[in-house]
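Got the viewer open? Let's walk through this one stop at a time, selecting as we go.

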Number of protein chains: 2
Amino acid sequence: MKRIGKQTLQFETAPTILGRGAVGGRKEAAGPLGGDLHQTFDDTTLNTQSWEKAEAQLQKEAVSIALANAGRKPEDIHMIFAGDLLNQCISSTFGLIDYHIPLLGQYGACSTMAQTLLMASIMVDCGAADLAAAVTSSHFCSAERQFRTPLEYGAQRTPTAQWTATASGCVILGRGGKVRVLHGLAGKALDLGVKDPANMGAAMAPAAADSIYQYLTDTHTSPNDYDGIFTGDLGAVGSQLMLDTLKDNGVDLKAVHQDCGLLLYDRQAQDVHAGGSGCGCSASVLCGHLLGRMERGELKNILFCATGALMSTTSQQQGEGIPGVCHVVHLAV
Amino acid sequence: MKRIGKQTLQFETAPTILGRGAVGGRKEAAGPLGGDLHQTFDDTTLNTQSWEKAEAQLQKEAVSIALANAGRKPEDIHMIFAGDLLNQCISSTFGLIDYHIPLLGQYGACSTMAQTLLMASIMVDCGAADLAAAVTSSHFCSAERQFRTPLEYGAQRTPTAQWTATASGCVILGRGGKVRVLHGLAGKALDLGVKDPANMGAAMAPAAADSIYQYLTDTHTSPNDYDGIFTGDLGAVGSQLMLDTLKDNGVDLKAVHQDCGLLLYDRQAQDVHAGGSGCGCSASVLCGHLLGRMERGELKNILFCATGALMSTTSQQQGEGIPGVCHVVHLAV
C-alpha cells in the first residue's frame with residue numbers, strides 16, 4: 001500500500017474481483033439494466049413478513065450469488081464489510097447472520113458500496129484477509145417508511161426527489177481475478193448547507209466534486225484517462241451541479257461521466273423523477289452492469305464514485321444540513 | 001500484517017496509541033473513574049439545543065483532546081473511523097464534520113470502539129494512513145429517546161437493564177507511541193435467541209465468549225498471559241453468562257476479567273442496575289482509564305473486547321432476536 005498525493009491509496013498487489021452478485025426488485029427488472037441483474041424478484045416482499053426482512057433477504061441473495069460466482073463458500077471469506085440505510089444497519093445484520101463471517105458494519109449512506117469495496121480491497125492488499133466481501137442494499141418500501149411517509153399516504157414526490165432502488169450488490173475480493181482495484185480514496189464529509197431531503201443530489205454533489213477533483217490531482221490523471229467515471233447516485237440534478245462545480249475548477253467530466261442513478265431506470269417511462277438512489281442502486285449497477293462490461297472488455301478503466309447523504313430524520317427535524325460524502329475506487333482490467 | 005489461526009491478525013509494525021481523549025457527563029464524573037476522564041460536563045446538554053447535538057459535541061471534544069494529547073492537528077490525520085448508536089450515525093457525522101478528515105463510518109453498536117480501533121490499527125500497520133483516529137460516543141438521553149421511552153415518562157427499568165453512558169472516547173493511532181496494538185480479531189455476529197432489549201448483556205455474552213475463545217485459540221495464549229481481559233459492556237448479567245460459557249469450554253477467565261460497564265459506575269450508589277453500556281462506555285473506560293493505567297505501567301498487557309447488540313426498534317417490533325458481536329484488540333506496553 002502506498003499513499004499518493006493527499007488522500008489517495010495505491011494498491012501494490014492490486015486486489016481483484018473474484019465474484020459478484022446483483023439482485024433487484026420488479027421495477028429494477030423492468031429498467032434498462034434489468035438483464036444485467038443476476039436475480040430479480042417480482043414480489044418485492046421476497047416472501048417475507050416485512051419490507052425490512054425483504055431487504056435483509058436481498059443482501060443474503062446477493063452474497064449467495066457472489067460466492068457461487070467466485071466458487072467459494074462462506075467459511076472461505078475472512079471478513080465481510082456491509083452496510084445499509086436502515087436504522088442500526090439491520091438489513092446487513094439479519095441478512096448476513098447465517099453466513100457466520102466476521103462482520104464489520106459500515107455506514108456511508110448511499111456511498112456504502114464504494115466504502116465497503118475500498119475496505120475489502122485494503123484488507124486483501126495488506127493481507128488482513130485472503131478473501132473479503134463487500135455488500136450493501138436498499139429497499140424502496142423500507143426506505144420510504146423510515147425516511148419519508150408510509151406508502152399508503154400516496155405522498156406526492158417533488159421533481160428533484162430520487163427513487164430508492166430495491167436492490168443489493170455484493171463483490172468477493174481476492175487475488176487472481178480479471179478486474180483489478182488499483183486505487184482508492186476515502187472522502188471527507190462536506191456540508192454546504194443544502195437542507196432539502198427531497199434533493200439529495202444537490203446535497204451530495206459538492207462531496208462528489210471534491211473527491212473526484214482530489215483523486216485526479218493525487219494521481220496526476222485527467223478525466224479522459226478513464227473509459228468512464230461513474231457517480232452514484234447524484235441523479236439528474238446532482239450530476240449537473242457536480243459537472244458545473246468541476247468545470248468551474250477546470251475539470252471537464254462531461255464526456256466520460258455517467259451516474260448510476262440515471263442508468264438503473266428509464267427516468268421518463270418509470271417515473272423516478274431525478275433518478276435512482278439508495279445503497280442498492282450503485283451497488284447493483286456496479287455488480288450487475290459495470291463489472292459485467294469490464295469482464296467483457298467493453299470498459300477497461302473506470303472510477304466508481306459512490307456518494308452518500310449523511311442525515312437522519314432526527315437531524316432533519318433539528319434543522320441540521322445534509323452532509324455529503326463520496327468515496328472513489330479505481331477499477332481496471 | 002499476518003493472519004494467525006482462524007480469525008486473528010498480528011500487526012507486524014505494531015501501531016501505537018499517540019493520543020487519547022475521554023469525556024463524560026455528570027453521572028460519569030461522579031463515578032469511580034470520574035478522575036480519569038479528561039473533561040466532564042455538568043450540563044449534559046453541552047450547551048446545545050438537543051441531546052443528539054450534545055452527543056455530537058461529545059465526539060468533537062474527545063477528538064480535540066486526543067489530537068492535543070498527540071500534539072497533532074486535524075489535517076495530520078489521514079482517516080477517522082467513527083460510529084455511534086444513533087440512527088444513521090449522526091453524532092459521528094455532525095460531531096466530526098468541522099475537522100475535514102476523511103470519514104469512514106462504522107457500525108458495531110456498543111462494540112464500535114473496538115471496531116474503530118481495529119480498523120485504525122490496520123490502516124497504520126499497512127501504511128494506508130500515517131495517522132488514523134478512532135472515536136465513538138453515546139448519550140443516555142438520546143439513546144433512551146431513540147431506543148426506549150421518552151425520559152419524561154419516567155419508565156421503570158428492569159434489574160437486567162444497563163445504563164447508557166453519556167461519554168465519548170477517541171484515540172490517535174500512529175508510530176512511536178508507548179502503548180502498542182499487537183493483535184486484533186473481527187468478530188462474528190451471533191444470535192442465540194435472546195429477545196429482551198432490557199437484557200443486552202445476555203444477548204452479547206455468547207459473542208464475547210466466542211471471540212475471546214477464538215482469540216486465545218488462535219494466539220495459543222491463556223487468560224493468565226494477560227494483566228486484564230476487559231469486556232465492554234456486558235454488565236453484571238452478561239459478564240456472568242460469558243464467564244460460565246467460557247468455563248464450560250475449559251477457559252477460566254474469572255481472575256483477569258473485568259467489564260467496562262461495571263467499572264464506569266458504582267452500581268449500587270448510582271442506580272445503574274446491571275451496569276453501564278453504550279458505545280461511549282467502553283470508549284471512555286479505554287481512553288480515560290485503561291490506557292492511562294498502561295501509560296503508568298500499572299497494566300502491561302490487556303485484551304480490550306468491546307461487545308455490541310445489533311438490533312433496532314424495528315427489528316425488535318418485528319420479532320427478530322438480538323444478535324451480539326465482539327471485536328478483540330490486544331494492547332501492550
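Start where the two chains meet: about 4,500 Å² is buried between chain A and chain B, and carbon and sulfur atoms give 64% of that area. This is a predicted model, so everything on the tour is computed from it. To paint the interface, select 56 residues from chain A and 56 residues from chain B; those make the contact. For a quick look at the chain A side, show R3(A), Q88(A) and F94(A) as sticks. These supply 16% of the area that chain A buries against chain B, more than any other three residues.

Stay around here and select A128(A). You'll find A128(A) in the loop between α4 (112-126) and β7 (132-138) of chain A. Is A128(A) buried or exposed? Buried, with a relative accessible area of 0%. Now show what touches A128(A), leaving aside its neighbours within four places in sequence: M79(A) and M123(A) come from its own chain, while M1(B), R3(B) and L9(B) come from chain B. If you'd like a ruler across chain A, draw a distance from the C-alpha of A128(A) to that of G261(A): 33 Å, with the two positions 133 residues apart along the chain.

Next, zoom out to chain A by itself. Colour by secondary structure and you get 10 helices and 15 strands. The radius of gyration is 18 Å, close to the 20 Å that the globule rule gives for 333 residues, so chain A is as compact as a globular protein of that length. Its C-alpha trace spans about 50 × 50 × 35 Å along the principal axes. Of the 333 residues, 67% count as buried. Contacts reach far along the sequence, too: among those with a separation of 6 or more, 77% are between residues 24 or more positions apart. Switch to a charge colouring and chain A shows 24 positive and 32 negative side chains, with the centres of the two sets 4 Å apart.

Still in chain A, select T166(A), in the loop between β8 (163-164) and β9 (167-174). T166(A) counts as buried, at 5% relative accessibility. Beyond its sequence neighbours within four places, T166(A) has plenty to show as sticks: its contacts include V23(A), G24(A), G25(A), S138(A), H139(A), F140(A) and Y265(A).

Hop over to chain B and select helix α5, residues 140-147. Seven of its eight residues are buried, so the helix is largely enclosed by the rest of the structure. The buried ones are F140(B), C141(B), S142(B), A143(B), E144(B), Q146(B) and F147(B). What covers them? Select α2 (51-70), β7 (132-138), β8 (163-164) and α10 (313-317) of chain B, which are among the covering elements.

Last, some backbone oddities. Most residues other than glycine have a negative phi, and most peptide bonds are trans. Select G232(A) and D233(A): a cis peptide bond joins them, with omega about 5 degrees. D233(A) sits in the loop between β11 (228-232) and α7 (235-248) of chain A. In chain B, G232(B) and D233(B) are also joined by a cis peptide bond, with omega about 0 degrees.

For positive phi, try A109(A), near 50 degrees. A109(A) lies in the loop between β6 (103-107) and α4 of chain A, and counts as buried at 1% relative accessibility. Then finish on L46(B), not a glycine, with a positive phi of about 50 degrees. Look for L46(B) in the loop between β4 (39-40) and α2 of chain B; at 11% relative accessibility, L46(B) counts as buried.

Technical notes
Residues numbered from 1 in each chain as written. Chains lettered and ligands numbered in written order. Predicted model: local features only at pLDDT ≥ 70, side-chain atom pairs only at ≥ 80, totals over all residues. Heavy atoms only, no water. Helix = DSSP H or I, 4+ residues; strand = E, 2+ residues; numbered from the N terminus. Rg over C-alpha atoms; globule rule 2.2 N^0.38 Å. Buried < 20%, exposed > 50% of the residue type's maximum accessible area, 1.4 Å probe, protein only. Contact = heavy atoms within 4.5 Å. Lys, Arg positive; Asp, Glu negative; His and termini not counted. Charge placed at Lys NZ, Arg CZ, Asp CG, Glu CD. Buried area = accessible area lost by both parts, 1.4 Å probe.
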